[in-house]
Amino acid sequence: MHSVNFDTHQPVPILRAMRVVSVPLGERNYSILIGAGLLSKLGTECKKLGLGQRCAVITDANVERRYAQRAVASLHRAGFDPTVIRVPAGETSKSLSVVESCYDQLARHRLERKSFIVALGGGVVGDLAGFVAATYLRGIAFVQVPTTLLAQVDSSVGGKVGVNLKAGKNLIGSFYQPRLVLCDLATLRTLPRREFRAGLAEVIKYGIIFDAGLFRRLERELDKLLKLDRATLTDVIARCCEIKAQVVGQDETESGLRAILNFGHTIGHAIENSVGYGRYLHGEAISIGQVAAARLSARVLGLTDREVERVRRLFRRADLPTQISLNASQRHRLFQAMKLDKKVSQGEIRFVLAESIGRVRWGWKVPIGVIKEMLE
Ligand SMILES: NC(=O)c1ccc[n+]([C@@H]2O[C@H](COP(=O)([O-])OP(=O)(O)OC[C@H]3O[C@@H](n4cnc5c(N)ncnc54)[C@H](O)[C@@H]3O)[C@@H](O)[C@H]2O)c1
Ligand SMILES: [Zn+2]
C-alpha cells in the first residue's frame, strides 16, 4: 500500500493564448500544446521536430469530415506531403485487421524511417495510430491531435498504445510516446454532449486522486466548463495534463504511482464488461465506479460522508450516472468480472482508495466479502 499527496495546485494565470505542458521523460520529453484553433498550427509545430517530409494522418470517419482538411492544409503549408488514412469510427477500429490495412497504406504512400504519423481523433484513433507508429519499420515518430475531451486529458498523454483482441480490450500494445500532443479546444465544439460529459468523469478523477484545489474549482466552475468557456477549459485541461504528465514522468510503465489513475476503474471496467455492455460509455461506467470507490473509501479508509457526498454531487451535476441497480444475477456477473481483473489475488482485490479528496492510496487490499456487502 502506498500513499500520495500532491495537492500542488497553484493558481495559474488565465492566459488567452496557448498553454504548454511538458512531459518529463528524459530524452523522450515532449510537449502538450493546449489552445483554441491550434489545428492550423499543426504543420509549423511538426516542422520544429525535424521530421521527414512524408506523413500520414490517421483519423476516423466523423473526425475526417470535420477536421482532416484543415490538418492536411496546415501540413502542406509547412512543406510536408501528407496522406489521409480513414478508419471507421468506433472501438472496432482498434483491431489487428485495421492495423494491417494502415500498414498497407503507409507502404503504398512510401513512408520511411523519418516519416511520421498524425493521430487525429479520439482515444480510439490515438491508441490505434500510436500502435501503428510504434511498430511500422520498428517505430516511426507520431504526433497526437486529440479531438475528444477524454483523449485530451487522458489517452493522448502517457504513451499507452494498442488494440483489442476478441478475448479482451487493449490486450495487444506497447508503451510508445508521441513527439508532440496538440490539443485544439475548438474541436470540442462538435463533440457530442454525451461524449463531452463522459470525458468530464476523467477530469473529476484528477481532482479526487491528486488535487483538492482542482476539485474545488470544478465544484465552482462546472457550469462554465459545460458551456465550453475557453479560459476555464484551457486551465482545467492543462491542469489535468500536468497531473497525468507528472504521474507518468515518475512511473512510465505502471509499476507503482501510475496505478492511481485507475481510481474508480476496477468497478467501472467490471460494469463495462458485464452488466453495462454497450449501455455505458467508459466515462459513465467510471463515474459509477468512482462513486462506489468513494463509498468503499469511507468504509475502509475513513473518507468522510461529507466528502463522499461532494464526489457524488459533482458527478450528478455533470449529468453522469452515479449508481446502478442490479438484480441478483447481474450482481453475480459484475462480481465475476471484477475477479477477472488483473488486480485480484488470494481473496482480495486491490483498490485505489481516497483518504480525502485530493489524496489517495493505491494497492489497498479489500477483502472480497466487504465488496460483496457494499454491492448489495
Ligand atoms: N492510451 C490510454 O492511455 C487510454 C486512456 C483512456 C482511454 N483509452 C482508449 O480511448 C478509447 C476511447 O476514446 P474516446 O472516448 O475518445 O472515444 P472515440 O475515439 O471513439 O471517440 C468518441 C466518438 O466521438 C467522435 N469524435 C471524436 N472527436 C470528435 C469531434 N471533435 N467532433 C465530433 N465527433 C468526434 C468519434 O468519431 C467517436 O464516434 C478507448 O478505446 C480506450 O481504451 C486509452
Ligand atoms: Zn478511464
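T59 finds its bridge partner in L120 of strand 6. That pairing is a good way into this predicted model, where local features need pLDDT of at least 70, side-chain atom pairs count only at pLDDT 80 or more, and totals for chains, interfaces and linings use all residues. Residues are numbered from 1 along each chain as its sequence is written.

**The sheet**

Strand 4 (residues 54-60) and strand 6 (residues 116-121) run in the parallel sense, joined over five bridges. Strands here are DSSP runs of E with at least two residues, helices are runs of H or I with at least four residues, and both are numbered from the N terminus. Two strands count as paired if DSSP finds at least two bridges between them. In general, strands of a sheet pair through backbone hydrogen bonds, either parallel or antiparallel.

Step back, and an open sheet of seven strands appears, with the order 2-3-10-7-6-4-5 and mixed pairing. Its edges are strand 2 (19-23) and strand 5 (81-87), each of which pairs on one side only. Neighbouring strands are turned by 20° against each other on average, direction ignored.

Two helices meet this sheet, as the table shows. Contact means heavy atoms within 4.5 Å. Axes are lines fitted to C-alpha atoms, for helices over the stretch in contact, and angles run from 0 to 180 degrees between N-to-C directions.

| Helix | Strands touched | Angle |
|---|---|---|
| Helix 2 (residues 61-77) | strand 4, strand 5, strand 6 | about 160° with strand 4 |
| Helix 4 (residues 123-135) | strand 4, strand 5, strand 6, strand 7 (141-146) | about 170° to strand 6 |

**Helix 9 and the cavity**

Now let us turn to helix 9 (residues 265-273), where seven of the nine residues are buried, meaning under 20% relative accessible area with a 1.4 Å probe and protein chains only. These are H265, T266, I267, G268, A270, I271 and E272. Their cover includes helix 6 (193-210), helix 10 (282-301), helix 12 (328-340), strand 12 (348-356) and helix 13 (368-375).

The structure holds one cavity of 30 Å³ or more. A cavity is a set of points on a 1 Å grid over the protein atoms alone where a 1.4 Å probe fits but cannot get out, and lining residues have an atom within 4 Å of a point. About 40 Å³ of space lies in the largest cavity, a volume being the space filled by probe spheres set on the points.

Which element gives the most to the lining of the largest cavity? Helix 9 does, with three residues. The full lining is N262, F263, G264, H265, T266, I267, A293, F351 and V352.

Definitions and conventions: Chains lettered and ligands numbered in written order. Heavy atoms only, no water. Buried < 20%, exposed > 50% of the residue type's maximum accessible area, 1.4 Å probe, protein only. 1 Å grid on protein atoms, 1.4 Å probe; cavity = no way out; pocket = protein on both sides within 12 Å on 5 of 7 lines; lining within 4 Å.
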